[in-house]
Every structure is written in C-alpha cells, then in structure tokens.
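Got your viewer open? Here is a short tour, one selection at a time.

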Amino acid sequence: MKLIKFININLFLFLLLTSCTNNCTDPVENETPNKLYPYEITYDEATFKHRRDALLNRVPDNSIILIVTNDIYNRNDDIDYAFRPSSNFYYLTGFDEPNAIAIIRESDGIPNESELIMFVENREGGALQWLGPVYGTEGAMEYFFADMAYNYEDFTTIVEDYVENDDVIYSNIEINQTVLEIFNEIGLQSLDLRELDETINELRKIKSSIEISAIQNAVDVSIQAFQEALKIIEPNTYEYEVEATFNYITSLNGCPNKAFPTIVASGPNINILHYQNNDRKMLDGELVMIDFGAEYGYYASDITRTIPVNGKFTNEQAIVYNIVLEAHKKAIANAAPGVSYYDLYWQNVEFIIDKLLEKEIISGVRDEIISSGRYRQYVVAGLGHCVGLDVHDPFPKQLNGDKILEENMVLAFEPHIYLFEGDQTVNSNYWKVSARIEDDILITATGSEILSSDLPIEIDSIEELMK
Ligand SMILES: [Mn+2]
C-alpha cells in the first residue's frame with residue numbers, strides 16, 4: 001500500500017513533467033484522469049507551499065499556525081468510522097492520514113517564507129500488521145516537504161521547542177478532542193489561541209486550475225452515475241436501488257467516496273430536505289428528488305435532479321418543475337464577478353413567488369408573503385453555496401456583510417419549491433409537488449460556466465433518458 005502510494009506520486013510527477021513538455025498548462029490533464037487517486041491529482045509541492053506562505057502572510061508577524069487534522073471517531077465497540085482528513089489540514093499540507101499535527105511558522109533563514117513542521121504517525125509491530133503502513137516521519141519530509149518531522153507521540157515534549165508562552169497561535173485545534181486534551185494536559189491551554197478558519201476560508205474561496213479540474217472530474221463521474229441511475233427508476237423500485245447505482249458507478253470510476261450522504265427522496269419524503277433513509281418503495285405517479293455528489297481527490301460535486309418515478313411528468317409536476325428550471329437559468333445567467341449572492345437570492349425568491357401566484361399554486365399577497373418571511377414555506381433554503389474540499393465550502397462575507405462572486409469561485413445553485421401537504425395556502429392539487437434542481441457553476445472572468453451541463457435538465461431530455 002505504502003509502496004503503491006509512493007509509486008503513484010512518482011507516476012504523477014512523471015506525467016506532470018512529461019505532459020508539460022508538450023506545452024500543457026494544466027497538470028491534471030492526462031490519459032486516465034478518472035483512475036487517479038487524491039494525492040496524485042492535488043499533490044504538488046508548490047501549491048501547498050504557496051498556500052502556507054499566503055496564510056502566514058495573513059496573520060500578524062511572529063504568529064505561529066498550529067493545525068490539526070480530524071479526530072478518529074468510534075462507530076461502535078472497536079470499530080471506527082472511516083477517516084477523512086480535515087479539509088483545512090489537507091488544504092495546507094496535502095497530508096491525508098490520521099494522527100497528524102502541523103506547525104507553520106516563519107522560516108529562520110528566508111524572510112516571508114514559511115516552514116513546515118509535522119508530527120505524524122510512525123507505525124511498527126502490531127499497528128503495522130493490523131493497520132498497514134503509513135508515510136511516517138521520513139515520508140512527511142520526502143513526499144510532503146516538511147522541513148522537520150517528528151513522531152506524533154512525541155508531540156507533547158517537542159511542541160515546547162517550537163512554541164513559547166507569549167506566542168500568538170492561530171489554530172483549528174478545537175476540531176480534534178484528542179489533541180485538545182493533550183494540550184490541556186501539558187498546560188498549553190493558557191496560550192493565546194486564536195481562530196484560524198476565517199483566514200483560511202479567504203484563501204479557499206478562490207479555486208486554482210487544479211482544484212477546478214478535480215471538481216470537474218467529480219462532477220463528470222456524478223453525471224455518469226446519474227445517467228445510469230435514471231435508467232433503472234420505475235414504479236416499485238426502492239430508493240436504495242438508486243443509491244446503489246450511484247455507489248457502483250462512481251466507485252468504478254475512481255470516486256469511492258461521496259461528498260455527502262446521498263438523498264433519494266420519493267413521494268412524501270421529497271419534502272425532507274436532507275432525507276437519508278433511502279428505504280422507501282417508489283410509486284407510480286410520484287416524484288423523486290435525487291441529490292448526489294461524488295468526491296474526487298477530496299473535492300466535492302453536488303447535483304440534484306427531480307424526476308417522475310414513471311418517467312413522465314404530470315401537468316402539475318411539469319408546471320412546478322419548469323418554474324424552478326427558469327429560476328435556475330436566471331440565477332446562472334446573472335452570476336458573474338462582482339455580483340452579490342444576496343441579490344441573486346432575492347431575485348430568485350421574488351421570481352418564484354410571482355410565478356406561484358400567477359399559476360394560482362399558492363394564495364396571498366406578493367409583498368406580504370415576502371416581507372413577512374412566509375415565502376420560506378416554499379423557498380425553504382438558500383439559493384446556493386460554494387463547493388470545494390467541503391460540499392458546503394467557505395463563502396466568507398465582506399466587511400459590509402455582503403457575499404460577492406469572484407472569478408474562479410465554484411458554486412452550486414439549487415433553487416427549489418417546496419409545497420407541503422396540508423398547507424392551506426397551497427392549492428391541494430400541488431401538495432407534495434416539490435422540486436429542486438442543482439448544478440455546479442464556475443464563475444469565469446465575464447460570467448459563469450455550468451460544470452454539470454452534460455446532465456439532462458429539460459423535461460423532454462429527462463423523459464427521453466428514462467424511456
Ligand atoms: Mn447543495
């Protein structure tokens with residue numbers, strides 16, 4: 001396993017070097033992008049070093065950055081949940097094994113440059129036999145370019161060589177209870193610890209070409225899975241059969257992990273926003289809302305389609321679906337650098353409420369519905385969010401509280417209409433006729449580009465695919 005990891009990195013570097021001699025600007029491009037593993041696609045020393053330098057430049061002089069990765073969480077008895085690195089830790093180090101801590105501080109020798117000190121696991125004996133090899137301290141220096149690496153277990157004694165009592169420390173230590181306890185045990189809790197997330201979030205907001213390629217790859221694999229999943233849906237299939245198709249197709253295409261739990265919400269479940277049971281039999285005449293996203297190289301995708309179980313939209317279903325689709329197209333058409341997210345949000349709310357009133361799907365007075373907040377009965381959630389290492393990636397606010405789109409941000413837009421059973425403001429013909437549509441969007445220099453445009457979205461093309 002260890003050997004394979006190392007070979008893969010070398011193979012990647014080889015592909016990177018050879019492909020770039022052919023005047024290629026994008027290091028992710030190669031013959032089999034779907035078969036690469038995380039460290040191969042995002043692994044690049046300059047990228048991670050640049051992020052650490054940039055981060056250090058954003059905190060006050062003489063500050064130290066101390067970052068931890070996620071804890072290991074117990075599932076039951078002696079079984080743990082599968083480990084997933086903290087997105088911030090991965091973003092700064094590229095290191096994806098558990099039990100790791102990193103210190104980033106100003107280099108002794110070179111001004112304005114950072115130095116990386118890592119504490120990682122060295123495995124031997126029983127641990128090695130049961131859990132397999134790890135990069136270890138040697139690997140941390142050789143492959144992750146740590147200036148110095150120590151055994152994770154020696155953190156308690158060695159950390160004091162790097163941290164002094166009057167240092168200001170920017171840290172995400174609160175995410176890892178185990179490290180927090182170690183910190184308290186050795187009396188470091190009295191240090192001046194400050195919140196790091198805001199500073200990293202600002203960096204993570206804008207995506208590099210490598211990150212965009214990773215997201216695009218996750219999107220492409222998700223689309224492939226969607227297309228297969230739509231073909232198997234018919235009355236009396238179960239929601240979990242759809243989920244199984246996603247799992248199968250994405251794993252076959254190099255994305256064994258999902259960015260979030262898959263939602264296959266049919267019939268009455270359609271109104272549960274983050275429905276997760278996926279155990280219901282889907283019936284003739286119902287809608288099913290499917291929200292799915294493969295993860296590739298720790299980068300997310302996030303796509304939703306709402307489709308008729310029997311392959312043909314009813315009149316009411318088509319009317320609601322097309323309102324959401326029109327809202328979706330408007331939001332995408334208006335997305336561009338400099339545009340306020342909140343402006344897009346309010347345009348979306350107003351458009352949907354106007355249409356629902358016009359089609360006599362809901363009753364009431366437009367301005368009252370909006371000013372009272374009652375619109376949230378139908379437009380329940382936000383218009384969208386950023387996508388990156390997290391499916392809900394950071395989208396930091398400006399000082400004035402606004403959120404502005406910038407070039408090379410990736411967002412998921414997910415306009416929706418929810419019409420709940422028993423809601424007396426809703427025409428009863430439309431109860432449970434809800435719809436959500438979601439695509440992943442790259443903000444370009446002049447507007448936006450839909451990364452998931454290959455997945456059918458028009459009623460005709462969805463019905464065609466399901467035939
Ligand atoms: Mn989403």
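A crossing of two helices counts as right-handed if the near helix is turned clockwise from the far one by less than a right angle, and as left-handed if it is turned anticlockwise. Keep that in mind for the first stop, and remember throughout that the model is predicted.

**Stop 1: H3 and H9**

Select helix H3 (residues 45-58) together with H9 (197-204). The crossing of H3 and H9 is right-handed. Their axes come within 10 Å and cross at roughly 130 degrees, and H3 and H9 are therefore oblique to each other. To see where they meet, show the side chains of Arg51, Ala54, Leu55 and Arg58 in H3, then those of Thr199, Ile200 and Leu203 in H9.

**Stop 2: the two domains**

Now colour by domain: the domain assignment gives domain 1 as 44-204 and domain 2 as 209-466. Between the C-alpha centres of domain 1 and domain 2 there are 36 Å. Nine residues of domain 1 and eight residues of domain 2 make the contact. Which elements give two or more residues to the side of domain 1 that touches domain 2? They are helix H4 (87-93) and helix H9. H9, which you have just had on screen, gives the most to that side, with four residues.

**Stop 3: the largest nonpolar core**

In soluble globular proteins, nonpolar side chains tend to be buried together. Here the largest nonpolar core has 117 residues. Select Ile65, Ala102, Met118, Ala218 and Val288, the residues with the most contacts inside this core. Helix H10 (residues 209-232) supplies the largest share of the core, 10 residues. Where does the core lie relative to domain 1 and domain 2? Both domains give residues to the core, so it lies between them.

Zoom in on Met118. Setting aside residues up to four places away in sequence, Met118 touches Ala100, Ala102, Ala140, Phe144, Ala146 and Ala149. One of these, Ala102, is also among the residues with the most contacts inside the core.

**Stop 4: Gly125**

Next, select Gly125, which is found in helix H5 (residues 125-131). Is Gly125 buried or exposed? It has 7 C-beta neighbours inside 10 Å, so Gly125 counts as exposed. Try a distance label from Gly125 to Ser209: the two are 84 residues apart in sequence, and their C-alpha atoms are 42 Å apart in space.

**Stop 5: Arg305**

Move on to strand E13 (residues 303-308), where Arg305 is found. Arg305 counts as buried because it has 23 C-beta neighbours inside 10 Å; the cut-off for buried is 20 or more. Not counting neighbours within four places in sequence, Arg305 is in contact with Phe226, Ile290 and Ile437. Add Ile417 to the selection as well: Arg305 and Ile417 are 112 residues apart in sequence, yet 13 Å apart in space, C-alpha to C-alpha.

**Stop 6: H12 and H13**

Here is a second helix pair: select helix H12 (residues 315-334) and helix H13 (residues 341-358). The axes of H12 and H13 come within 10 Å and cross at roughly 155 degrees. Angles over 145 degrees count as roughly antiparallel, and H12 and H13 are therefore roughly antiparallel to each other. Their crossing is right-handed. On the H12 side, the contact is made by Ile323, Ala327, Lys330, Ala331 and Asn334. The H13 side brings Leu344, Gln347, Asn348, Phe351, Ile352 and Lys355.

**Stop 7: Phe413**

Keep Ala331 displayed and add Phe413, which touches it. Phe413 is found in strand E15 and is buried, with 25 other C-beta atoms within 10 Å. Beyond residues up to four places away in sequence, its other contacts are His328, Ile332, Leu383, Gly384, Glu438, Asp439 and Ile441. Cys386 makes a good label to add: Phe413 and Cys386 are 27 residues apart in sequence and 8.8 Å apart in space, C-alpha to C-alpha.

**Stop 8: two positive phi angles**

Which loop holds Glu360? Look between H13 and helix H14 (366-371). Glu360 has a positive phi of about 55 degrees although it is not a glycine. With 10 C-beta neighbours inside 10 Å, Glu360 counts as exposed.

Finish at Asn408, in the loop between strand E14 (384-386) and strand E15 (410-413). Phi of Asn408 is also positive, near 70 degrees, in a residue other than glycine. Asn408 is partly exposed, with 16 other C-beta atoms within 10 Å.

Note on methods: Residues are numbered from 1 along each chain as its sequence is written. This is a predicted model: local features need pLDDT of at least 70, side-chain atom pairs count only at pLDDT 80 or more; totals for chains, interfaces and linings use all residues. A nonpolar core is a set of buried Ala, Val, Leu, Ile, Met, Phe, Trp, Tyr and Cys residues joined through C-beta atoms within 7 Å. A residue is buried if 20 or more other C-beta atoms lie within 10 Å of its own, exposed if 12 or fewer, and partly exposed in between; C-beta atoms are placed from the backbone. Domain bounds come from an automatic or database domain assignment. Two residues are in contact if their C-beta atoms, placed from the backbone, lie within 7 Å. Axes are lines fitted to C-alpha atoms, for helices over the stretch in contact, and angles run from 0 to 180 degrees between N-to-C directions. Angles under 35 degrees count as roughly parallel, over 145 as roughly antiparallel, 65 to 115 as roughly perpendicular and the rest as oblique.
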